[in-house]
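Biologist: I should like to learn how to read the features of a model such as this one. May we begin with the display?

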Amino acid sequence: MKCVICRQGETRPGTAPLVLERDGRTVIVKHVPAQVCENCGEEYVGEVAAATALDNAERDVRDGADVVIPEYAAA
């Protein structure tokens, strides 16, 4: 797909960190599958990957974690 930010590059499969914050707690999920612009580096995380990461982050926050930095794991 054409990057909507720079409008120059095409996106390619890659990974991106996803930072989620809630109630003063932060979860940084590493290596989330994404499309990454070959020109400017803008990252586009898909709906399924984002939902999976969010579900896992919600669990970590419910368990009382203040800062969590897990690797992405598909459901």
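Modeller: The discussion below moves from one residue to its strand and then to the core. Please keep in mind that this is a predicted model.

Biologist: Where is His31 found?

Modeller: His31 lies in strand E2, which covers residues 25-37.

Biologist: Is His31 buried, partly exposed or exposed?

Modeller: Buried means under 20% relative accessible area and exposed means over 50%, with partly exposed in between. His31 has a relative accessible area of 44%, so it is partly exposed.

Biologist: Which residues does His31 touch, not counting those up to four places away in sequence?

Modeller: With that restriction, His31 touches Thr15, Ala16, Glu71 and Tyr72.

Biologist: How many bridges join strand E1 to E2?

Modeller: Strand E1, residues 11-22, is joined to E2 by 11 bridges, and the two run antiparallel. Within this pairing, Gly14 stands opposite Ala34 in E2. The hairpin of E1 and E2 has 2 residues between the strands, and Asp23 takes a positive phi near 50° there.

Biologist: Which residues make up the largest nonpolar core?

Modeller: That core holds 9 residues in all: Leu18, Val27, Val29, Val32, Ala49, Ala53, Ala57, Val61 and Tyr72. E2 and helix H1 (47-62) each supply at least two residues of this core, and H1 gives the most, with 4 residues.

Biologist: With which residues is Ala53 in contact, leaving aside its neighbours within four places in sequence?

Modeller: Ala53 is in contact with Leu18, Leu20, Val29 and Tyr72. Tyr72 also appears among the residues that His31 touches.

Terms used: Residues are numbered from 1 along each chain as its sequence is written. This is a predicted model: local features need pLDDT of at least 70, side-chain atom pairs count only at pLDDT 80 or more; totals for chains, interfaces and linings use all residues. Side-chain values use heavy atoms; hydrogens and water are left out. Buried means under 20% relative accessible area, exposed over 50%, partly exposed in between (1.4 Å probe, protein chains only). Contact means heavy atoms within 4.5 Å. Two strands pair if DSSP finds at least two bridges between them. A nonpolar core is a set of buried Ala, Val, Leu, Ile, Met, Phe, Trp, Tyr and Cys residues joined through side-chain atoms within 4.5 Å.
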